[in-house]
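Hi,

Here is the structure I promised to pass on. My notes on it follow below.

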Amino acid sequence: MTFALGPRSASAGYRLAAFDQIGSTNAEAMARARDGERGPIWFVTSEQTAGRGRRHRPWIAPRGNLASSILEVMGVSPAIAATLGFAAGLALVAALRRMSIEASQRSAGSDHMKFALKWPNDVLAGGQKLVGILLEAEAVADDGLAVVVGIGTNVVAAPEGTPTPATSLRALGIEIGAEELFAELSDAWAELRGIWDLGRGFAEIRRLWLERAAGLGENVAIHTGGATVEGTFEGIDETGCMIVRTAAGKRVPISAGDVHFGSARSAGAA
């Protein structure tokens, strides 16, 4: 089976660049944007050799996993573009749910078949990381902003020794191929990107995201720079910041950091 767009994505005018192997789909997408590509176009492979996640951590996709990046040049600010990552998480969960119905029925709806969204950009299955999302933006000619959303999914294998324990679809008993998942993802993306609507629909995206949020209402510790903020995860605001209520009752917005549910002691000094 080869990579192909889903019917909704194809009819919406998306294009596709598929590779047998590539260093990084995000890097390729941004390089094309610098050369004049305006999108919307997907870059996809089942083997990525030099990918990276947040904070420049490596994200390697061995053959059989799915590395995909969507490029679009937009007339929005970087702050608004950043909220597109929440739509990406929702799109991936929608695709996974459609494809895992049979496996979920076999497991009688057990917890490891329930997908959750971890702020700011992970998809979890049974508390383990299944998907990582990396959003990058760069100004290009004509005052446009090249926005690349990279979505890496552990289809057949998961890395070991990661800060958050990882899993794969295969380990969950979901036997699908990267090509099948991508077709579903491309269609789900077309739908959620339409709802997001250059940030005008973020209120709806935010509502949908919070319905699937991991750890909402629980204790959380966020390591950001050299500091740690502890409190209760109350939600996300209209800009996508995580809102944490501290023991003193102060509501603190968090724009970036490593999130651990539980206390700072249980999370360690990561």
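I80 sits in helix α3 (helices are DSSP runs of H or I with at least four residues, strands are E runs of at least two, and both are numbered from the N terminus). With a relative accessibility of 34%, I80 is partly exposed, given that buried means under 20% relative accessible area, exposed over 50% and partly exposed in between, with a 1.4 Å probe and protein chains only. Its C-alpha atom is 5.8 Å from that of G199, although the two residues are 119 residues apart along the chain. Setting aside neighbours within four places in sequence, I80 touches W196, L198 and G199, where contact means heavy atoms within 4.5 Å.

Before going further, the ground rules: this is a predicted model, where local features need pLDDT of at least 70, side-chain atom pairs count only at pLDDT 80 or more, and totals for chains, interfaces and linings use all residues. Residues are numbered from 1 along each chain as its sequence is written, and side-chain values use heavy atoms, with hydrogens and water left out.

Now the overall picture. The protein chain has 8 helices and 12 strands, and 52% of its 270 residues count as buried. Of the contacts with a separation of 6 or more, 64% are between residues 24 or more positions apart. The chain exposes about 11900 Å², with carbon and sulfur atoms supplying 50% of that (Shrake-Rupley areas, 1.4 Å probe; for residues, only the protein chains shown count as cover).

W196, one of the contacts of I80, belongs to helix α6, residues 178-196. What span should the 19 residues of α6 have at 1.5 Å a residue? The expected value is 27 Å, and the end C-alpha atoms are 25 Å apart, which agrees; the expected span is 1.5 Å times one less than the number of residues. Just after α6, D197 has a positive phi of about 50°.

T167 is in the loop between β7 (144-153) and α6. Is T167 buried or exposed? T167 is buried, at 6% relative accessible area. Beyond its neighbours within four places in sequence, its contacts are A125, Q128, K129, L130, N154, A158 and L172.

On to the voids, which you'll probably want to look at yourself. Everything here is on a 1 Å grid over the protein atoms alone: a cavity is a set of points where a 1.4 Å probe fits but cannot get out, a pocket is an open set with protein on both sides within 12 Å along at least five of seven lines, and lining residues have an atom within 4 Å of a point. Points are joined across faces, edges and corners, and a volume is the space filled by probe spheres set on them.

The whole structure yields 1 cavity of 30 Å³ or more. The largest cavity has a volume of about 30 Å³, and its lining includes G85, F86, K118 and W209. Helix α4 (84-99) and strand β4 (115-118) are the elements giving two or more residues to that lining, with α4 supplying the largest share, 3 residues.

The second largest pocket has a volume of about 460 Å³. Of its 20 lining residues, A82, P120, N121, L135 and S255 lie nearest the centre. Each of α3, α4 and β6 (128-140) supplies at least two lining residues, and β6 gives the largest share, 5 residues. P120 and N121 also line the largest cavity.

Cheers
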